[in-house]
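Please open the structure in your viewer and keep the selection tool at hand. The tour below proceeds stop by stop, stating what to select and what is to be found there.

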Amino acid sequence: TGRLLMNFMLKNESFPLITIFLKYRFEYYSALEQSQSHENLRPLIEIMKKCYQDMLIIYSAKENNAKLH
């Protein structure tokens, strides 16, 4: 539900949504566990940052392709 709320907030401000890509799945699960069991949010923040950077690259490539057509 936290990711859903985060994506709702991003969409509401016209930003790309965050997708947890397969290549980050296990790192994401580990970061989630650390945030819950050790109250350490840093790994979760870092993985979300990686995923968002990937989404921005994809989003900007799609925009560039749309401009070409």
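**First stop: a patch on the surface**

The model shown here is predicted. Begin by selecting Leu5, Phe8 and Met9, which together form a nonpolar patch on the surface. The accessible area of these three residues together is about 340 Å². To place the patch along the chain, display helix H1, which covers residues 2–12; Leu5 is found in this helix.

**Second stop: the loop between H1 and H2**

Proceed next to Ser14, which lies in the loop between H1 and H2. Its backbone deserves attention: phi of Ser14 is near 65 degrees, a positive value in a residue other than glycine. Is Ser14 buried or exposed? Ser14 has a relative accessible area of 59%, and it counts as exposed because this value is over the cut-off of 50%.

**Third stop: the nonpolar core**

Now select Leu10, Ile18, Ile20, Tyr24, Tyr28, Ala31, Leu44, Ile47, Met48, Cys51 and Tyr52. These 11 residues constitute the largest nonpolar core. Colour helix H2 (25–37) and helix H3 (42–68), the elements that give two or more residues to this core. Which of them supplies the largest share? That share, 5 residues, comes from H3.

Within the core, centre the view on Ile47. Leaving aside residues up to four places away in sequence, Ile47 touches Tyr24, Glu27, Tyr28 and Ala31. Of these neighbours, Tyr24, Tyr28 and Ala31 are listed among the core residues as well.

**Fourth stop: a serine in H2**

Select Ser35, found in helix H2. Its relative accessible area is 14%, and Ser35 is therefore classed as buried, the cut-off being under 20%. Display the side chain of Ser35 and follow it to the backbone oxygen of Leu32, which it reaches at 2.7 Å. Then show the surroundings: when residues up to four places away in sequence are not counted, Ser35 touches Asn40, Leu41 and Leu44. Leu44 has already appeared on this tour as a member of the largest nonpolar core.

**Last stop: the loop between H2 and H3**

Finish at Glu39, which is found in the loop between H2 and H3. Glu39 is not a glycine, yet it has a positive phi of about 50 degrees. Its relative accessibility is 73%; Glu39 accordingly counts as exposed.

Key: Residues are numbered from 1 along each chain as its sequence is written. This is a predicted model: local features need pLDDT of at least 70, side-chain atom pairs count only at pLDDT 80 or more; totals for chains, interfaces and linings use all residues. Side-chain values use heavy atoms; hydrogens and water are left out. A nonpolar core is a set of buried Ala, Val, Leu, Ile, Met, Phe, Trp, Tyr and Cys residues joined through side-chain atoms within 4.5 Å. Buried means under 20% relative accessible area, exposed over 50%, partly exposed in between (1.4 Å probe, protein chains only). Helices (H or I, at least four residues) and strands (E, at least two) are DSSP runs, numbered from the N terminus. Contact means heavy atoms within 4.5 Å. A polar contact is a pair of N or O atoms within 3.5 Å; within protein, one must be able to donate a hydrogen and the other to accept it, and residues adjacent in sequence count only if both atoms are side-chain atoms. Patches are made of residues with over 30% relative accessible area and no salt bridge: like charges are joined within 9 Å, nonpolar side chains (Val, Leu, Ile, Met, Phe, Trp, Tyr) within 5 Å. Accessible areas come from the Shrake-Rupley method with a 1.4 Å probe; for residues, only the protein chains shown count as cover. A salt bridge is a side-chain nitrogen of Lys or Arg within 4 Å of a carboxyl oxygen of Asp or Glu.
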